[in-house]
Amino acid sequence: MTFFHFGNCIALAYGPYVLTYKYSGMPEYGAFWKCAQVCGMYILTQLCKMLLLATFFPTTDGPPENASFIMEIVKTTVDFGDVMGMSVVMGRVSGSGHIKVLITGLGWAAADLLLTRTLPLWVGARGLEFDWKYIQISLDANISLVHHLNLALLVWLWWRTDLAAAVRPIVAVLIAGCVYRPLLPQLLSILLGARPIGFTLLAACATPTVCTALIASNIFITHSSTMRSG
């Protein structure tokens, strides 16, 4: 039963990544090693972010709920390093626009999955007792995949010189929303008076992620149609 639960969690977490890679046409471009290089860039970016946080925002004693929300906003601004890292990757990856987006987004998301969720699943999901927490971690990995693909798409759109001027501010706002997405639980706790947990928290994170992805996809489709007709 323990192994079955662990297998379910791993399949739920990793399955969408494998399916995305297999059925998006990426194998035809030999994109596996390119994704591996993106993972390396992800690690380098996270190391730089941790160095900045440790240098300018040292941790203080006390429970995290006492931390100033303004200070958390300032700390989260460091996550713009992901945008910079993705921009560097896209400049080095050859291929059409959608292939660049897929390689960058999937590679970034896979690295995030391996470094932040694999160990908790390996240690916890093999425990003697069933716990919904690990199902939630697996589902959160799926939300993270959509989030990183969406962020990669927005970064690609931002650097397009032929992007309509009226659309560029929308792309900028969506990028900022993706960067400050980790603040959503704390913001909800301030507005609602209680921090959402479990599947409520997953739904709260998934809803803006899906909405942002739909808007970005619509911009991408419109931009591509305009380029073909032009």
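**Figure 1. Burial across the predicted model of the protein****.** Of the 230 residues in the protein, 39% are buried. The model shown is predicted. The protein exposes about 13100 Å², of which carbon and sulfur atoms supply 70%.

**Figure 2. The helical architecture of the protein****.** The secondary structure amounts to 10 helices and 0 strands. Followed along the sequence, the pattern reads α-α-α-α-α-α-α-α-α-α. Contacts between residues at least 6 apart in sequence join residues at least 24 apart in 78% of cases.

**Figure 3. Overall dimensions and charge placement of the protein****.** The C-alpha trace spans about 60 × 45 × 35 Å along its principal axes. The radius of gyration is 19 Å, which agrees with the value near 17 Å for a compact globule of 230 residues. The protein carries 14 positive and 11 negative charges, and the mean positions of these two sets are 11 Å apart.

**Figure 4. Close-up of Asp112 in helix H5****.** Helix H5 covers residues 97-116 and includes Asp112. With a relative accessible area of 11%, Asp112 falls under the 20% limit and is therefore buried. The side chain of Asp112 is joined to that of Tyr42 by a polar contact of 2.8 Å. When neighbours within four places in sequence are left aside, Asp112 is in contact with Tyr42, Arg117, Ser144 and His148. Tyr42 thus appears both in this contact list and as the partner in the polar contact.

**Figure 5. Close-up of Thr212 in helix H10****.** Thr212 belongs to helix H10, which comprises residues 198-229. Thr212 counts as buried because its relative accessibility of 16% is under 20%. Residues up to four places away in sequence not being counted, Thr212 touches Asn150, Leu154, Leu174 and Cys178.

**Figure 6. Close-up of Thr226 in helix H10****.** Thr226 is likewise found in helix H10 (residues 198-229). The relative accessibility of Thr226 is 42%, which lies between the limits of 20% and 50%, so this residue counts as partly exposed. Thr226 and Ala164 are separated by 62 residues in sequence, while their C-alpha atoms are 9.8 Å apart in space. Helix H10 therefore contains a buried threonine, Thr212, and a partly exposed threonine, Thr226.

Conventions. Residues are numbered from 1 along each chain as its sequence is written. This is a predicted model: local features need pLDDT of at least 70, side-chain atom pairs count only at pLDDT 80 or more; totals for chains, interfaces and linings use all residues. Side-chain values use heavy atoms; hydrogens and water are left out. Helices (H or I, at least four residues) and strands (E, at least two) are DSSP runs, numbered from the N terminus. Buried means under 20% relative accessible area, exposed over 50%, partly exposed in between (1.4 Å probe, protein chains only). A polar contact is a pair of N or O atoms within 3.5 Å; within protein, one must be able to donate a hydrogen and the other to accept it, and residues adjacent in sequence count only if both atoms are side-chain atoms. Contact means heavy atoms within 4.5 Å. The radius of gyration is taken over C-alpha atoms; the globule rule is 2.2 Å times the number of residues to the power 0.38. Accessible areas come from the Shrake-Rupley method with a 1.4 Å probe; for residues, only the protein chains shown count as cover. Lys and Arg count as positive and Asp and Glu as negative; His and the chain ends are not counted. The place of a charge is taken as NZ of Lys, CZ of Arg, CG of Asp or CD of Glu.
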